[in-house]
Amino acid sequence: MSELNRPLRIAHISDTHLGYRALFRSDLVTGRNQRSLDIEHAYETAVSDILSRNVDLVIHSGDVFHHTRPSWPALRCFIRQTRRLEEAGLPIIVIGGNHDTPRLRTSGSAYSVLDLALPKTTFVTGYEEEFPTIDESLSLHIVAVPHGKLADSSPPYTQPEKGKRNILITHGLVPGMNLRGHREPGEEEVSDSILDATFDYIALGHFHVWSKERHNAWYAGSTERMGWGDEDVDPGYLIVQLGAPGEPPEVKHIPLPARPMKTLKELDAESLDAREIADKVLAQLKKLNTPQAMARISIAKAHRPVRREAESILRRESADLVWSLQVFSPADSPFDFGDREFGPEIPDIRTLFGQFVKERTEGGAYDKAFAADFQARGDRALDDAIRAAEALITEDSAA
């Protein structure tokens with residue numbers, strides 16, 4: 001059998017978001033944020049599983065890190081685990097995503113030093129498309145288009161090569177997707193012109209739900225759940241098998257263990273006292289029967305002092321029933337975009353802040369005098385922050 005006809009096995013992983021942290025819960029042993037450790041454990045678990053799958057190539061399609069300047073523990077985790085793949089002799093290709101690509105090219109990137117720590121890993125994390133070459137015997141043509149290039153006004157060159165197995169790697173949203181919730185600032189759309197139907201496989205990153213978006217294009221999904229928009233995500237990665245050029249890929253989702261998320265049924269608390277509210281929430285948690293879960297519940301029609309007292313009771317009595325519990329009222333969540341229609345554009349931050357104050361006031365959380373003062377102070381703070389950001393951009397551009 002020629003190398004061109006030999007099946008090629010690929011591990012396609014994405015959106016590991018190392019460095020993510022939330023909920024202010026600390027690990028009792030290390031003192032570090034527990035959600036950060038969950039995210040790191042997910043990547044370690046994925047690497048261990050990949051090493052058992054007899055793959056020929058590992059692709060990471062973006063958002064290795066949650067921030068452009070990742071923490072030392074996040075860097076250490078990525079280097080340590082990716083080095084295991086290198087030591088197994090596996091070629092690895094990593095592209096930049098919207099979370100870990102600096103908006104300003106002059107600000108520098110953690111990837112500029114990672115290629116020194118991981119010399120056998122190919123990083124395509126800048127602002128141009130690249131054509132990584134790995135084992136010639138595999139007869140591969142790879143086009144890597146990082147997030148930074150998608151933000152460019154000039155389209156990337158993504159022409160497949162005849163007689164080879166062609167792979168495209170990119171990080172963005174495919175046109176026509178049915179998205180629930182809001183669009184992230186800074187994310188980019190993958191033009192249909194890039195999604196050439198003759199590629200044997202298109203490895204997509206950014207969308208956290210693993211899914212098939214074209215006959216040859218898949219999102220690998222994320223390796224863990226992040227915010228509440230990921231509640232229904234099935235974390236994991238993909239094993240892809242390619243045959244001869246032109247043959248359809250065989251794709252299998254490999255699930256990874258992750259901390260569960262659950263939104264409980266909203267509680268109508270009208271006429272209930274704090275003890276009654278707490279008991280009804282505790283009953284839902286007992287029915288959930290998932291002590292390691294992150295849970296949240298909306299408590300409607302409760303006066304603020306009563307709800308605060310109920311929260312205090314729940315903090316004391318829910319610890320054995322759930323890992324974390326977030327209690328809120330409908331007026332507390334104006335930034336839950338899932339049920340809002342904003343059209344194609346996300347409102348600017350001043351509009352969002354104004355809506356936040358308005359809904360808190362209408363929901364009874366703020367009185368009118370406090371709301372007016374809070375709005376004025378917030379507007380001044382936003383103006384100061386925007387001016388400072390604009391000044392920083394001007395300084396960087398001059399440099």
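**Entry 1: a pocket**

I began with the second largest pocket and counted 21 residues in its lining, with R315, S318, S324, L325 and Q326 nearest its centre. I note here that the model is a predicted one. The volume of this second largest pocket comes to about 460 Å³. I then looked up which elements give two or more residues to its lining, and found α6 (304-317) and β15 (324-328). Sorted by class, the lining of this pocket has 11 nonpolar, four polar and six charged residues.

**Entry 2: charges over a ring**

I turned to W323 and asked which residues lie over the face of its ring. R25 is one of them, at 4.6 Å from the ring centre. R259 also lies over the face of W323, at 4.1 Å from the ring centre.

**Entry 3: aromatic pairs**

How many aromatic pairs does the structure hold? I found 12. One of them joins F353 and F356, with 6.5 Å from centre to centre and 20° between the planes, and I logged this pair as stacked. Both residues sit in helix α7 (residues 349-362), where they are three residues apart, about one turn of the helix.

Next I checked whether these two are buried or exposed. F353 has 14% relative accessibility, so I put it down as buried. F356 has a relative accessible area of 17%, so F356 is buried too.

F356 has another aromatic partner, F374. Their ring centres are 6.4 Å apart, and the pair is edge-to-face because the planes stand at 65°. F356 belongs to helix α7 and F374 to helix α8 (residues 368-398), so this pair ties together parts that are 18 residues apart in sequence. I looked up F374 as well: its relative accessible area is 26%, so I entered it as partly exposed.

Elsewhere I noted one aromatic cluster, formed by Y43, F65, F78, Y111 and F123.

**Entry 4: the nonpolar core**

In soluble globular proteins, nonpolar side chains tend to be buried together. I therefore looked for the largest nonpolar core here, and it has 33 residues. Which of them have the most contacts inside it? I listed L18, I50, V58, F65, F78, L114 and Y237. F65 and F78 in that list are also members of the aromatic cluster noted above.

I then went through the elements that each supply at least two residues of this core: β1 (8-13), α1 (34-50), α2 (72-87), β3 (92-95), α3 (111-117) and β10 (236-242). The largest share is from α2, with six residues.

**Entry 5: a cavity**

Rolling a probe the size of a water molecule over the atoms shows where empty space is left. I found one cavity of 30 Å³ or more in the structure. The largest cavity has a volume of about 60 Å³. Its lining is made by I13, Y43, V47, I50, V58, H60, F78, T82, L85, I92 and V94. The elements that give two or more residues to this lining are α1, β2 (57-60), α2 and β3.

I compared names with the earlier entry: I50, V58 and F78 line the cavity, and they are among the residues with the most contacts inside the largest nonpolar core. What classes of residue make up the lining of the largest cavity? I counted nine nonpolar and two polar residues, and no charged ones.

Note on methods:
Residues numbered from 1 in each chain as written. Predicted model: local features only at pLDDT ≥ 70, side-chain atom pairs only at ≥ 80, totals over all residues. Heavy atoms only, no water. Phe/Tyr/Trp six-rings, centres within 6.5 Å; stacked < 30°, edge-to-face > 60°. Helix = DSSP H or I, 4+ residues; strand = E, 2+ residues; numbered from the N terminus. Buried < 20%, exposed > 50% of the residue type's maximum accessible area, 1.4 Å probe, protein only. Lys NZ or Arg CZ within 6 Å of the ring centre and 35° of its normal. 1 Å grid on protein atoms, 1.4 Å probe; cavity = no way out; pocket = protein on both sides within 12 Å on 5 of 7 lines; lining within 4 Å. Points joined across faces, edges and corners; volume = space filled by probe spheres on them. Nonpolar A, V, L, I, M, F, W, Y, C, P; charged D, E, K, R; others polar. Core = buried A, V, L, I, M, F, W, Y, C linked by side-chain atoms within 4.5 Å.
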